[in-house]
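User: Please take a close look at a single part of this structure, one strand and what surrounds it, and tell me how it is paired, covered and connected.

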Amino acid sequence: MLLENKVVVVTGGSRGIGRAIALASAREGADVAINYWGDNDRSYGKASAVESIVGEIEALGRRAIAVEGNVAERDTGIELIARTVDAFGHVDVLSSNAGICPFHAFLDMPASVYETTVAVNLNGAFYVTQAAANQMKTQGTGGAIVATSSISALVGGGMQTHYTPTKAGVHSLMQSCAIALGPYGIRCNSVMPGTIATDLNADDLSDTDKRAYMEQRIPLGRLGEPDDVAQCVVFLASDRARYVTGASLLVDGGLFVNLQ
Ligand code: RM4
């Protein structure tokens with residue numbers, strides 16, 4: 001078990017990639033604290049997304065708590081870590097995963113769309129990372145922080161002018177935190193998912209031409225699945241990556257390198 005008896009905190013952990021990270025962590029022996037913001041997703045049957053992910057983790061014999069909060073607000077990260085320590089006694093891993101991508105044209109983008117995307121994706125990552133790192137420093141036994149950046153940290157999107165800078169910022173945040181936190185034995189890395197089929201891009205990919213275009217651009221021939229990313233997060237969080245910090249791992253089926 002790669003995360004035996006570890007305590008893993010996952011922001012945006014009730015759906016999409018975050019849900020897969022929470023489940024993969026539990027399968028590898030971790031107890032999990034899930035942050036979420038809003039719980040109106042009924043695609044998991046009668047139970048809400050939060051109820052169902054907590055139930056799935058507990059069915060694996062691991063413990064789970066769910067803490068609601070908007071990561072864009074600094075106190076959310078502080079409260080999330082405090083609730084985790086209250087429940088499980090310590091924090092070993094942070095998956096800073098929460099993010100939004102409301103596709104929108106650049107020229108008429110309202111300030112609210114831009115500012116909310118920056119607040120959730122970048123400010124949120126900063127605040128939660130800071131809260132987790134302070135707890136890990138206090139514990140004195142190191143830790144691992146894995147942020148969900150994106151292929152979009154490296155390349156652009158015409159409908160993502162607000163979004164791609166935040167993912168580049170998350171990538172850079174991990175690089176700088178690797179330096180700042182290395183002395184405490186805290187490793188900081190990012191994953192860079194390509195096009196992963198989640199509710200984040202369900203509307204965008206409901207355009208069958210767009211979906212077909214993306215699929216044919218990917219050398220492995222398929223869109224990614226949330227667990228494709230979660231497995232890489234588990235690796236970076238685990239002791240197998242004990243000498244890896246400040247790194248980023250593309251999880252994109254070869255999309256980034258595929259010019260022709
Ligand atoms: C990713 C990448 C994908 C998009 C999602 C929402 O960073 O840009 O193509 O579908 O964001």
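Analyst: In this predicted model, V8 stands opposite V32, a residue of strand β2. That position belongs to a parallel pairing between strand β1, residues 7-10, and β2, which is built from four bridges. Between these two strands the chain passes through helix α1, residues 16-27, and the resulting β-α-β crossover is right-handed.

V32 also has a counterpart in another strand, since A64 of β3 stands opposite V32. Here β2 and β3, the latter covering residues 64-68, run parallel and are joined by five bridges. The connection is again made by a helix, with β2, helix α2 (residues 49-59) and β3 forming a right-handed β-α-β unit.

As for its surroundings, β2 spans residues 31-36 and is mostly covered, with six of its six residues buried. The cover extends to both faces of the strand: D31, A33 and N35 are buried on one side, and V32, I34 and Y36 are buried on the other.

The helix that leads into β2 deserves the same attention. Eleven of the twelve residues of α1 are buried, and α1 is therefore largely enclosed by the rest of the structure. The buried residues are G16, I17, G18, R19, A20, I21, A22, L23, A24, S25 and A26. The length of α1 can be checked against its residue count: because a rise of 1.5 Å a residue gives an expected span of 16 Å for twelve residues, the 17 Å between its end C-alpha atoms agrees with that expectation. After α1 comes G29, which has a positive phi near 100 degrees.

Within α1, the residue I21 offers a more local view. I21 has 0% relative accessibility and so counts as buried, the cut-off for that class being under 20%. Although I21 and V10 are eleven residues apart along the chain, their C-alpha atoms are separated by 7.3 Å. If neighbours within four places in sequence are left aside, the contacts of I21 are V10, S95, N97, T148, A230 and V233.

On the other connection, the buried residues of α2 are A49, V50, S52, I53, V54 and I57. These buried residues of α2 pack against α1, β2 and β3, so that the helix after β2 meets the strand itself as well as the helix before it. Just after α2, G61 adopts a positive phi of about 85 degrees.

Two places outside these β-α-β units can be set beside this picture. One is a helix pair: the axes of α3 (residues 74-88) and α4 (residues 111-139) come within 8 Å and cross at roughly 35 degrees, and the crossing of α3 past α4 is right-handed. On the α3 side the contact involves R74, G77, I78, I81 and V85, while α4 contributes Y127, V128, Q130, A131, A132 and Q135. The other is S190, which lies in strand β6, residues 186-193. S190 counts as buried because its relative accessibility is 0%. Beyond its neighbours within four places in sequence, S190 is in contact with A147, S149, H171, M174, L236, A247, S248 and L249.

Technical notes: Residues are numbered from 1 along each chain as its sequence is written. This is a predicted model: local features need pLDDT of at least 70, side-chain atom pairs count only at pLDDT 80 or more; totals for chains, interfaces and linings use all residues. Side-chain values use heavy atoms; hydrogens and water are left out. Buried means under 20% relative accessible area, exposed over 50%, partly exposed in between (1.4 Å probe, protein chains only). Two strands pair if DSSP finds at least two bridges between them. A crossover is right-handed if, with the strands pointing away from the viewer, the path from the first strand over the helix to the second runs clockwise. The expected span of a helix is 1.5 Å times one less than its number of residues. Axes are lines fitted to C-alpha atoms, for helices over the stretch in contact, and angles run from 0 to 180 degrees between N-to-C directions. A crossing is left-handed if the near helix is turned anticlockwise from the far one by less than a right angle, and right-handed if clockwise. Contact means heavy atoms within 4.5 Å.
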